[in-house]
Amino acid sequence: MSPDTTKAYDLVLKGRELWFKFTPESNAQARAFYDQATALDPAYGRAHASLAWTHLIDASERWSDDPQISLDAALAAAQQGVRINPDSHTNPGALGQVYFSKGMHAEALEALQRSISLNPNDPDSYVMYGRMLAYSGRNDEAMAQIEKGVNMTANAPGWYHWMAGAVHYMGRRHEEAISAMRRSASPGPGVFRW
């Protein structure tokens with residue numbers, strides 16, 4: 001591993017820690033680290049995928065003055081990540097989320113299926129895939145995928161429960177939706193919107 005690659009990896013880890021704080025400021029700070037990582041090592045696919053997530057969150061949380069520009073930036077970064085390293089599950093996973101946000105559901109499903117095939121032990125991919133299935137009208141399949149992701153980890157992150165609640169809600173199972181969302185340890189704005 002070259003020194004630039006090692007530094008880029010370190011920058012991605014620093015960015016990830018900030019990104020998980022889920023505030024407009026920490027998202028912008030994470031993006032700065034990811035930008036530095038892609039400048040140091042333009043062939044580091046995960047840095048591009050991580051950059052895509054920051055733009056995607058800016059759009060979805062309305063932290064951006066122009067969500068469409070943010071989505072376009074997310075798509076460009078996610079596509080670059082997949083071009084660089086199509087065999088890393090994180091890259092098609094990010095691309096699938098961007099496709100979903102752009103209303104490209106068939107492409108989103110395909111990208112997330114690819115993510116799962118590359119790493120069938122990643123619970124995040126199952127939860128995100130389940131969400132896509134729900135928006136495609138396949139609610140029972142969606143819940144099965146989300147439950148698979150939840151059951152793969154001893155301490156499921158709060159957003160897993162938020163996704164489960166959203167899928168229950170779309171299936172008109174309102175009591176289950178409320179119950180799932182209440183399991184989220186730190187409910188954010190997404191939970192309150194639902």
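Contact here means that heavy atoms lie within 4.5 Å. Keep that in mind for these exercises on a predicted model.

**Exercise 1. Find where M143 sits, decide whether M143 is buried or exposed, and list its contacts beyond its neighbours within four places in sequence.**

Solution.
- Start with the helix: M143 belongs to α8, which covers residues 139–151.
- Next, look at accessibility. Buried means under 20% relative accessible area. M143 has 8%, so M143 counts as buried.
- Now skip the neighbours within four places in sequence, and you're left with A164, V167, H168 and R173 in contact with M143.
- Finally, try a distance: from C-alpha to C-alpha, M143 and G171 are 9.6 Å apart, with their positions 28 residues apart in sequence.

**Exercise 2. Work out how helix α3 and helix α5 pack: what are the angle, the axis distance and the handedness of the crossing?**

Solution.
- Two packed helices are described by the angle between their axes and the distance between the axes.
- For α3 (residues 45–60) and α5 (residues 90–101), the angle is about 25° and the axes are 9 Å apart.
- Angles under 35 degrees count as roughly parallel, so α3 is roughly parallel to α5.
- As for handedness, α3 passes α5 in a left-handed crossing.
- Who touches whom? On the α3 side you'll find G45, R46, A49, W53 and L56, and they meet T90, N91, G93, A94, Q97, V98 and S101 of α5.
- Sort the residues of this contact by type and you get five nonpolar, six polar and one charged.

**Exercise 3. Decide whether R83 is buried or exposed, and find which side chain joins R83 in a polar contact.**

Solution.
- First, place R83: it's in helix α4, residues 67–84.
- The cut-off for exposed is over 50% relative accessible area. R83 comes in at 57%, so R83 counts as exposed.
- Then check the side chains: R83 and Q80 are joined by a polar contact of 3.0 Å.
- For a distance, take G165: R83 and G165 are 34 Å apart, C-alpha to C-alpha, and 82 residues apart in sequence.

**Exercise 4. Say whether S115 is buried or exposed, and find which backbone oxygen its side chain reaches.**

Solution.
- S115 is part of helix α6 (residues 105–118).
- Its relative accessibility is 0%, so S115 counts as buried.
- Follow the side chain of S115 and you arrive at the backbone oxygen of H89, at 2.9 Å.
- H89 turns up again in the contact list: leaving aside neighbours within four places in sequence, S115 is in contact with H89, P92, G93 and S125.
- Recognise G93? That residue is also one of those in α5 that meet α3.

Technical notes: Residues numbered from 1 in each chain as written. Predicted model: local features only at pLDDT ≥ 70, side-chain atom pairs only at ≥ 80, totals over all residues. Heavy atoms only, no water. Helix = DSSP H or I, 4+ residues; strand = E, 2+ residues; numbered from the N terminus. Buried < 20%, exposed > 50% of the residue type's maximum accessible area, 1.4 Å probe, protein only. Axes fitted to C-alpha atoms, helices over the stretch in contact; angles between N-to-C directions. Parallel < 35°, antiparallel > 145°, perpendicular 65-115°, else oblique. Left-handed = near helix turned anticlockwise from the far one by under 90°. Nonpolar A, V, L, I, M, F, W, Y, C, P; charged D, E, K, R; others polar. Polar contact = N/O pair within 3.5 Å; in protein donor to acceptor, adjacent residues only side chain to side chain.
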